[in-house]
Amino acid sequence: MKTDYLYFRVVTKITRHIVLALLLCLISPVLQSHPFHVSVAQVRYNQQNQSLEIALKLFTDDLENALTASFGNQGWNLATPKQLPAADQYVRKYLKPRFAVTQKSQSVNWNWVGAEYQMDAVWCYLELYNFDKNAGFEWKNTVFLEIFSDQKNIGHFEINNEKISVYTSRHKREQKIGIQ
Amino acid sequence: MGSAFGLYFELGVTHILDLQGIDHMVFILAIASTYRFTDWRKLLIMVTAFTVGHSVTLALAALDVFKVNEMLVETLIPITLIITALVNLGKTSQKVNRTAVYGLILIFGLIHGLGFSNFFNALMDDRQEVVSSLFAFNLGIEAAQIAIVLALLVLSEIFDFIKPKAKKMRVIFINGGVFFLALQILLDVVID
């Protein structure tokens, strides 16, 4: 059986390399399996208040990692009975430099409405007043980009009955949103 | 610019081509590694079997027909890679039952689809437009998949042109690489 013999030879040869490669595998931390690093923001224009309402969904474990990276471990315990009472302030402080809407070259301030802490995800609610629904704007969302290089921050917008979807990432930290 | 359809299509493409998570890309490389342009019919069946498999589970999980354990799926995916690489290595010296291989790829497609759905479900929170988003996402996956297959076929042709009669070596090279990458992915998942 010539072919079997060949296969055997190949296998023994490969085995010799397995040991070497296994050693290489153990010392190289480069490859990661697929943890998904995404956040999703739902953005709607509220006609009544003439404001832009943002619901930002962040994964709870990602948020805890990011908070620890920025402020040290304060014992977050998000979405548990032991949750840090000042969690809201920290989340807000974390979002402040990472999340911005700019219109006509001016940053539109956002107000913190509140957050809802769930086991898998934390919903942050923000509201922007003085938003001109007929003008385009720049949308910056760099949440978690400092801890995950594959982070994608998705934004779904509904303004003037127009729907727009974009995402920001390490490669494009800001997106221009044009309103017709 | 900026339609939800376009966004999900792009996310489908980048999900496959993303160098941070190369498991799906490597699987497609493994599937295509034993073929040449002239075998396009067999290759088409293989890729279609994979596509059918992952489309079914992606749709079912995305439409909330069932929930899947993320950890289990992330463990199974590298195992599908390891088995595919070993089958391909066996192919270099032995005849394999082709129908069995197609069946295997179909089953592996089902597993990868669960992986896609974990990602897709992380993206979707309100369930509106789920069908069209799902369609766009799946289409993006297909586009990336075809691109990988074509790129590999071209590279293989170039290799076979420079080194004729070394097809076996090429198959062993690629699948050996796949095997060890998969081993590392598996170790990462298990150690975590």
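Does B:Asp160 count as buried or exposed, and at what relative accessibility? In this predicted model, B:Asp160 counts as buried, at 10% relative accessibility, because the limit for that class is under 20% relative accessible area. Its salt-bridge partner, B:Arg170, likewise counts as buried, at 3% relative accessibility, and the side chains of B:Asp160 and B:Arg170 meet with N and O 3.0 Å apart. B:Asp160 lies in helix 6 of chain B and B:Arg170 in helix 7 (residues 167–191), so the pair ties together parts that are ten residues apart in sequence. Salt bridges that share partners join these two residues with B:Arg36 and B:Glu157 into one network.

Within this network, B:Arg36 forms a salt bridge with B:Glu157, the closest N and O atoms being 2.9 Å apart. B:Arg36 is found in the loop between helix 2 and helix 3 of chain B, whereas B:Glu157 belongs to helix 6, so that parts 121 residues apart in sequence are tied together. Both residues are partly exposed, B:Arg36 with a relative accessible area of 29% and B:Glu157 at 24% relative accessibility.

Chain B also contains the residues that line the second largest cavity, among them B:Met46, B:Thr84 and B:Lys91, and the volume of this cavity is about 50 Å³. Helix 4 of chain B gives the most to the lining, with four residues, and the lining residues divide into five nonpolar, two polar and one charged.

In chain A, strand 7 (residues 137–141) and strand 10 run antiparallel and are joined by four bridges, with A:Phe137 standing opposite A:Ile177. Along strand 10, A:Gln175 and A:Ile177 point to one face and are buried, while A:Glu174 and A:Lys176 point to the other and are not.

How values were computed: Residues numbered from 1 in each chain as written. Chains lettered and ligands numbered in written order. Predicted model: local features only at pLDDT ≥ 70, side-chain atom pairs only at ≥ 80, totals over all residues. Heavy atoms only, no water. Buried < 20%, exposed > 50% of the residue type's maximum accessible area, 1.4 Å probe, protein only. Helix = DSSP H or I, 4+ residues; strand = E, 2+ residues; numbered from the N terminus. Pairing = 2+ DSSP bridges. 1 Å grid on protein atoms, 1.4 Å probe; cavity = no way out; pocket = protein on both sides within 12 Å on 5 of 7 lines; lining within 4 Å. Points joined across faces, edges and corners; volume = space filled by probe spheres on them. Nonpolar A, V, L, I, M, F, W, Y, C, P; charged D, E, K, R; others polar. Salt bridge = Lys/Arg side-chain N within 4 Å of Asp/Glu carboxyl O.
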